Amino acid sequence: LPDDPKDRTGFQKSFPASQKPLPKRLFLRGEHLAYMCSNGGSEIKFTPARFNTAPADDADTRCGERIIVTSTGPYVITWNLRQVLQTGKGDKYNIKVYPEKVVADNFRFGQDRSIIVTLPNDVTMIRRDQM
């Protein structure tokens, strides 16, 4: 809460109505949705979204959560959380296509540079800058 002398968060104390933050919505642009559906995807069904995390004693923790990753079908999608929060636009993202349906995705623990992607018969790790 911005004006709370005890530095409490919105999880510890309710926000006054005048200070509630505006929600940010992440979404895919229409042309990407059309492409995904026309290339074998019957419907868009996202896996649970994951945020990058870091151990409490990590020097880079000051940066906090920076990236969000999810997948649908054979596509892995990442959003830069800072850009979304600064601009309010949830339509800036990166997509990577795999030959098979992505079963699960998550960050390598303690960093946001590598994403672990689980396919039905394989597990692979990709650097975020390769997306």
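Okay, let's start with a pair: R50 stands opposite V69 in β2. Strands here, by the way, are DSSP runs of E of at least two residues, numbered from the N terminus.

Quick housekeeping. This is a predicted model, where local features need pLDDT of at least 70 and side-chain atom pairs count only at pLDDT 80 or more, while totals for chains, interfaces and linings use all residues. Residues are numbered from 1 along each chain as its sequence is written, and side-chain values use heavy atoms, with hydrogens and water left out.

Back to that pair. Strand β2 covers residues 67–72, and β1 pairs with β2 in the antiparallel sense over 2 bridges; pairing takes at least two DSSP bridges between two strands. Those two belong to an open sheet of 4 strands, ordered β1-β2-β3-β4, with antiparallel pairing. β1 (50–51) and β4 (93–97) are the edge strands with a single partner each, so one side of each has no neighbour in the sheet.

Now, what does D105 touch, leaving out residues up to four places away in sequence? The list is T47, R50, V69, T70, S71 and I116, with contact meaning heavy atoms within 4.5 Å. So our opening pair, R50 and V69, turns up again in that list.

And is D105 buried or exposed? D105 is buried, where buried means under 20% relative accessible area, exposed over 50% and partly exposed in between, using a 1.4 Å probe and protein chains only. Yet D105 has no salt bridge: R50, the nearest side chain of opposite charge, sits 5.8 Å away. For a salt bridge, a side-chain nitrogen of Lys or Arg has to be within 4 Å of a carboxyl oxygen of Asp or Glu. For charge, Lys and Arg count as positive, Asp and Glu as negative, and His and the chain ends are not counted.

What the D105 side chain does have is a polar contact with the side chain of S71, at 2.6 Å, and one with the side chain of T47, at 3.3 Å. The criterion is a pair of N or O atoms within 3.5 Å; within protein, one must be able to donate a hydrogen and the other to accept it, and residues adjacent in sequence count only if both atoms are side-chain atoms.

Next, the strand that holds D105. That's β5, residues 104–107, and β5 belongs to an open sheet of 3 strands in the order β5-β6-β7, paired antiparallel. β5 and β7 (122–127) are at the edges with a single partner strand each, so each has one side without a neighbour in the sheet.

β5 pairs with β6 (residues 114–119) over 4 bridges, antiparallel. A104 is opposite T118, and F107 is opposite I115. The two strands make a hairpin with 6 residues between them, and G110 in the turn has a positive phi of about 85°.

T118 is partly exposed, at 24% relative accessible area. T118 and A104 are 14 residues apart in sequence but 5.0 Å apart in space, C-alpha to C-alpha.

Last bit: β6 and β7 pair antiparallel over 6 bridges, and the hairpin joining them runs through 2 residues. I116, one of the D105 contacts, stands opposite M125 in β7.
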